[in-house]
Each structure stands twice: as C-alpha cells, then as structure tokens.
Amino acid sequence: MWIKYSFILLVFLSAVGANSMISAVCQMKSCKNQSTLDCLSLNSSVSGRCCVRDKDSVSSASVTGIDLIDCSLTNISGLFHSMEHLHILYLHKNNIGEIDVDDFTGVNDLKNLTLPPNLSCPGGPSLWNSEEIHPNVTVCLEEQSTCKVFNVSCPNSNSYCSDVGPRITECLCNPGFHGYKCLRKDHFPTATFVIGICASTFVVSAFLWITQRRKVKKH
C-alpha cells in the first residue's frame with residue numbers, strides 16, 4: 001500500500017510544479033497590453049494570456065496558444081516545455097537576447113511563432129515552412145518535422161525517429177519491442193518498473209525524514 005501512495009505523491013508533486021509554471025505564464029502581470037489571441041479559432045477557452053482546451057484543468061497538454069507580447073521577458077528557458085498542443089506563441093516586443101532549441105523541447109506543432117527581429121526561427125529556416133523577418137518582428141510559420149526534413153534514421157530496425165523539438169530527435173522502440181536497442185519483443189514490465197521507482201522514492205524520503213527529525217531533536 002505504501003508503494004501506491006508514494007507513487008501517487010510523486011506524480012502529484014511533479015504535476016503541481018508543472019502546473020504552477022503554466023499558471024505563472026498564463027497569468028503574467030508584466031505585460032503592457034491585453035492578449036490578442038483568438039482562442040475560438042483554436043477551439044479553446046481564454047485563461048489569462050493563454051488559450052486552453054480545458055479551462056478547469058490547465059496543464060501543459062491543454063495549452064494551445066500563448067500571447068506574451070511586450071511582457072518584459074529576457075529569457076524563456078523552461079517556460080514552454082512539453083506543450084505538445086501549443087499552436088500559437090507570440091514573443092515579439094521583448095528584450096530576449098537569445099533562444100535555444102532546448103527552450104522548445106516537447107513543442108512540435110507550432111503554427112505561428114513570433115520573435116524579436118534580432119532572433120531567427122528555432123532550429124533554422126529549414127525547419128519552418130516560412131520565416132519572415134520584418135523590422136519589428138520575426139515570424140515563423142508551420143513548424144516542420146526534424147525527422148522528415150533531415151531524414152533521420154535510427155540504428156535499429158525495431159525503432160523509429162520521434163520529434164522532440166526543433167533539431168532534437170530521439171529513437172523510440174516500435175510497439176511490441178523494448179530494452180537495449182529495442183531487441184526484446186514482449187511487453188515492458190511496467191509494474192516492476194513502477195514498484196522499483198516507488199520503493200526508491202520511499203527509501204530516500206524516509207532517510208531524509210529521519211535525518212531532519214534528528215536535527216530537530218538536537219535543537
């Protein structure tokens with residue numbers, strides 16, 4: 001039973017951390033103008049400066065649009081990770097010095113990205129259907145698949161290329177295969193893996209709790 005509760009707690013804490021970041025982005029107070037997003041065109045609802053599919057349960061998977069125009073941003077690292085359904089992202093009129101492809105990890109379906117004019121589309125123009133550079137904004141339209149553009153192949157016949165972000169890919173095992181080089185052909189031992197993770201988490205948590213209790217008693 002304790003394994004089950006430890007796993008639930010671990011998942012809960014991870015979700016709370018991610019949702020707190022998303023909430024901070026959507027409710028950003030430093031922006032000088034109201035959002036210009038048309039959430040209806042994305043079949044979404046308005047949540048602050050975001051468009052979301054489920055207003056009652058905002059998560060990285062539910063965000064479809066973000067407007068951070070003129071919000072005094074200088075760095076975007078970690079703000080948009082794993083937003084797999086993010087289609088529109090407005091970032092121009094900010095003093096962003098540089099961007100990295102890692103800033104868009106897990107973002108694979110952008111239709112419209114705007115950036116300050118000093119920046120180019122992440123991954124380079126070859127990964128976008130169109131890159132338009134204007135005096136006040138760089139517009140990146142229709143993100144392309146890195147796997148397809150660069151014809152990325154995986155070393156093992158039992159695996160395939162999966163997009164992670166602009167110029168970032170990974171090889172995943174085909175259905176029915178797992179393990180080293182995807183050579184094992186049976187079901188992945190999910191229960192054993194989860195139990196191992198939970199047991200490790202419980203042991204570490206117990207050790208930290210005991211250590212902290214000793215410190216408290218000494219005081």
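Two strands count as paired here if DSSP finds at least two bridges between them. With that in hand, welcome to this predicted model, in which an open sheet of 7 strands follows the order β1-β2-β3-β4-β5-β7-β6 with mixed pairing. A search of the whole structure also finds 7 disulfides, and three of the links are described below, along with the surroundings of Phe 104.

**The sheet**

- The edge strands are β1 (45-47) and β6 (128-133), each of which pairs on one side only.
- From one strand to the next, the twist averages 20°.
- Strands β4 and β5 run parallel and are joined by 3 bridges.
- Leu 89 stands opposite Leu 113, a residue of β5.
- As general background, strands of a sheet pair through backbone hydrogen bonds, in either a parallel or an antiparallel way.

**Around Phe 104**

- Phe 104 sits in the loop that runs between β4 (88-90) and β5 (112-115).
- Its relative accessible area is 0%, so Phe 104 is buried, given that the cut-off for buried is under 20%.
- Leaving aside residues up to four places away in sequence, Phe 104 touches Ile 76, Leu 89, Ile 99, Leu 110, Leu 113, Pro 122, Val 164, Gly 165 and Pro 166.
- The facing residues Leu 89 and Leu 113 are thus among the contacts of Phe 104.
- Glu 84 is 20 residues from Phe 104 in sequence, and their C-alpha atoms are 9.8 Å apart in space.

**Disulfide Cys 31 to Cys 71**

- The sulfur atoms of Cys 31 and Cys 71 are 1.8 Å apart, and the two residues form a disulfide.
- The torsion about this S-S bond is about 105°, so the disulfide of Cys 31 and Cys 71 is right-handed.
- Cys 31 lies in the loop between α1 (2-26) and β1, and Cys 71 in the loop between β3 (63-67) and β4, so the pair ties together parts 40 residues apart in sequence.
- Cys 31 and Cys 71 are both buried.

**Disulfide Cys 121 to Cys 140**

- Cys 121 is joined to Cys 140 by a disulfide, with an S to S distance of 2.1 Å.
- This link of Cys 121 and Cys 140 is left-handed, with -105° about the S-S bond.
- Cys 121 is in the loop between β5 and β6, while Cys 140 is in strand β7 (residues 138-143), 19 residues apart.
- Cys 121 is buried at a relative accessible area of 3%, and Cys 140 is buried at 0%.

**Disulfide Cys 147 to Cys 161**

- Cys 147 and Cys 161 form a disulfide with sulfur atoms 1.9 Å apart.
- Their link is left-handed, at -75° about the S-S bond.
- Both Cys 147 and Cys 161 are buried.

Note on methods
Residues are numbered from 1 along each chain as its sequence is written. This is a predicted model: local features need pLDDT of at least 70, side-chain atom pairs count only at pLDDT 80 or more; totals for chains, interfaces and linings use all residues. Side-chain values use heavy atoms; hydrogens and water are left out. Helices (H or I, at least four residues) and strands (E, at least two) are DSSP runs, numbered from the N terminus. Buried means under 20% relative accessible area, exposed over 50%, partly exposed in between (1.4 Å probe, protein chains only). Contact means heavy atoms within 4.5 Å. Axes are lines fitted to C-alpha atoms, for helices over the stretch in contact, and angles run from 0 to 180 degrees between N-to-C directions. A disulfide is a pair of cysteine sulfur atoms within 2.5 Å.
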